[in-house]
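Work through the following exercises with the sequence and the structure side by side. Try each task before reading the solution below it.

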Amino acid sequence: MGELSSIEHEGVERASEEPMLEQVLAWAAVNSGSRNLTGLERMADLLADAFAALPGILRLENPAPVEAVDGAGRTVHVEHGRHLHLAVRPTAPVQLLFTGHMDTVFGTDHAFQETRWLENGVVNGPGVADMKGGIAVMLAALKAVEQSTIADRLGYEVVINSDEEVGSPASAALLARAAQGKRAALTYEPAALPDGTLAGARPGSGNFALVVRGRSAHAGRNPEDGRNALLAAADLALRLAEAKYPGLSVNPSRIEGGSPSNVVPDLAVLRVNLRPRTPDDERKAESLIESAIAAVAAAHDVAVESHGSFGRPPKPLTDEAEALFELVKSAGADLGQAIGWQPSGGVCDGNNIAACGVPVVDTMGVRGGKIHSMEEYLVAESLKERAALSALTILRLAREAA
Ligand SMILES: [Zn+2]
């Protein structure tokens with residue numbers, strides 16, 4: 001252990017004494033797949049009860065309306081769960097943002113529902129690392145900080161959304177509002193590596209549905225009158241994929257539509273994911289989509305509508321972000337934890353918070369791994385460790401106001 005003040009020492013001790021493991025096991029027992037509205041409502045209630053231990057104003061916020069395009073090219077409304085929002089001491093000198101997500105990638109129809117112990121204090125279960133464990137860490141750190149004599153210097157907002165695993169479409173506006181005016185943000189995704197390494201720079205990500213409308217005709221009698229939407233969608237997929245470069249990955253993932261074999265198909269929906277490394281790459285990706293659409297529309301005499309956006313902007317490591325990483329690293333060093341960071345190919349709410357100009361460390365959650373698979377695991381002892389790391393980081397951010 002390095003140099004801790006007595007306030008810091010007490011905060012760290014209190015954080016690691018919180019009943020995090022019990023919480024994780026109880027929360028992981030509730031299925032909260034992003035599309036399971038009943039489970040999400042139950043999860044939101046459990047979290048609201050737990051976070052009621054903190055002061056401030058706690059609300060369950062309604063999801064923003066979200067539209068998507070179905071396989072028939074129709075715009076449909078997509079339902080989401082409510083989000084937990086807590087605001088504490090909004091006029092205190094240091095304002096922070098804490099975020100997490102209550103949803104998981106495992107719906108009610110998934111085979112992965114049960115939590116069980118593997119050997120040596122390792123828990124296997126849906127969402128134990130991503131991120132019910134992380135939420136327990138966040139709450140433990142905040143409860144510990146609240147008992148500290150310097151708590152009154154610190155104000156904060158907590159957002160725990162219900163739709164992170166589907167790109168946060170129904171909570172993006174809430175997150176952006178909560179990020180306003182914040183000194184820093186901590187997000188509780190699991191560490192990038194099982195050894196506790198944090199994720200630094202992240203690419204952006206955008207999901208697009210490109211609806212191609214052609215004209216149907218008889219495949220034998222008058223095919224020349226038809227305009228083949230399926231062929232146009234395939235051409236579009238090829239053109240987009242060929243335009244990838246080291247700063248932009250392109251993944252055409254699905255083409256829906258088509259027709260019986262004797263009909264020229266008049267509708268196809270191409271779904272594609274693009275991941276730009278920097279904001280400049282994002283601008284290039286936008287003009288790529290535009291020019292590919294124009295070229296395909298002209299070449300095939302079809303109409304193409306683009307739906308979607310870069311819902312996750314790229315998150316380069318800015319100087320301000322690097323300074324926050326250094327603060328976490330030195331808190332780790334003082335606790336005997338070696339904390340490093342490395343770029344990640346994944347995206348999360350940290351992308352959106354960084355895009356608001358707020359420095360963010362978005363992997364403050366537990367150590368574990370194999371997330372989004374049935375082998376997802378949490379290293380149980382990391383709960384105490386990471387709660388201590390968070391508590392010390394928060395206390396040091398609060399001290400800046402002294
Ligand atoms: Zn996550």
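The model used here is predicted. In the largest cavity, the lining residues divide into 5 nonpolar, 4 polar and 1 charged.

**Exercise 1. Find the residues behind these lining counts, and state how much space lies in the largest cavity.**

Solution. Begin with the search for cavities, which gives 1 cavity of 30 Å³ or more in the structure. The space in the largest cavity comes to about 40 Å³. Next, collect the lining, which is made up of Ala 28, Val 30, Asn 31, Ser 32, Thr 104, Phe 106, Phe 112, Gln 113, Pro 126 and Lys 132. Sorting these residues by class, with Ala, Val, Phe and Pro as nonpolar and Lys as charged, returns the division into 5 nonpolar, 4 polar and 1 charged.

**Exercise 2. Determine which residues touch the most other members of the largest nonpolar core, and which helix gives the most to this core.**

Solution. The largest nonpolar core holds 68 residues, and those touching the most other members are Phe 51, Phe 98, Tyr 156, Val 158 and Ile 394. Helix α4, residues 128-146, gives the most to this core, with 13 residues. Now take Tyr 156 and set aside its neighbours within four places in sequence; its contacts then include Leu 54, Pro 55, Leu 86, Val 88, Phe 98 and Leu 142, and also Arg 89 and Glu 146. A second, separate core has 24 residues, among them Leu 210, Leu 240, Val 304 and Phe 310.

**Exercise 3. Check whether the spans of α4 and α3 agree with their numbers of residues, and describe how these helices are covered.**

Solution. The expected span is 1.5 Å times one less than the number of residues. For the 19 residues of α4 this should be 27 Å, and because the end C-alpha atoms lie 25 Å apart, the two values agree. Of the 19 residues in α4, 19 are buried, so that the helix is mostly covered. Met 131 has its place in this helix, and the peptide bond leading to Met 131 from Asp 130 is cis, with omega near -10°.

For helix α3, residues 37-51, the 15 residues should span 21 Å, which agrees with end C-alpha atoms 20 Å apart. Its buried residues are Gly 39, Leu 40, Met 43, Ala 44, Leu 47, Ala 48, Ala 50 and Phe 51. Their cover includes α2 (20-28), β1 (57-61), β4 (83-88), α4 and β8 (154-161).

**Exercise 4. Decide whether Leu 236 is buried or exposed, and list what it touches.**

Solution. Leu 236 is found in helix α6, residues 229-242. Because its relative accessibility is 0%, Leu 236 counts as buried. Not counting residues up to four places away in sequence, Leu 236 touches Leu 210, Val 212, Leu 270, Ala 292, Ile 293, Val 296 and Val 304. Leu 236 and Ala 297 are 61 residues apart in sequence, while their C-alpha atoms are 9.3 Å apart in space.

**Exercise 5. Locate Asp 301 and Lys 370, and give the phi of each.**

Solution. Asp 301 belongs to the loop between α7 (279-300) and β14 (303-312), and it has a positive phi of about 55° although it is not a glycine. With 44% relative accessibility, Asp 301 counts as partly exposed. Lys 370 lies in the loop between β17 (368-369) and β18 (377-379), where its phi is positive at about 50°, although Lys 370 is not a glycine. At 49% relative accessibility, Lys 370 counts as partly exposed.

Methods: Residues are numbered from 1 along each chain as its sequence is written. This is a predicted model: local features need pLDDT of at least 70, side-chain atom pairs count only at pLDDT 80 or more; totals for chains, interfaces and linings use all residues. Side-chain values use heavy atoms; hydrogens and water are left out. On a 1 Å grid over the protein atoms alone, a cavity is a set of points where a 1.4 Å probe fits but cannot get out, and a pocket is an open set with protein on both sides within 12 Å along at least five of seven lines; lining residues have an atom within 4 Å of a point. Grid points are joined across faces, edges and corners, and a volume is the space filled by probe spheres set on the points. A nonpolar core is a set of buried Ala, Val, Leu, Ile, Met, Phe, Trp, Tyr and Cys residues joined through side-chain atoms within 4.5 Å. Buried means under 20% relative accessible area, exposed over 50%, partly exposed in between (1.4 Å probe, protein chains only). Helices (H or I, at least four residues) and strands (E, at least two) are DSSP runs, numbered from the N terminus. Contact means heavy atoms within 4.5 Å.
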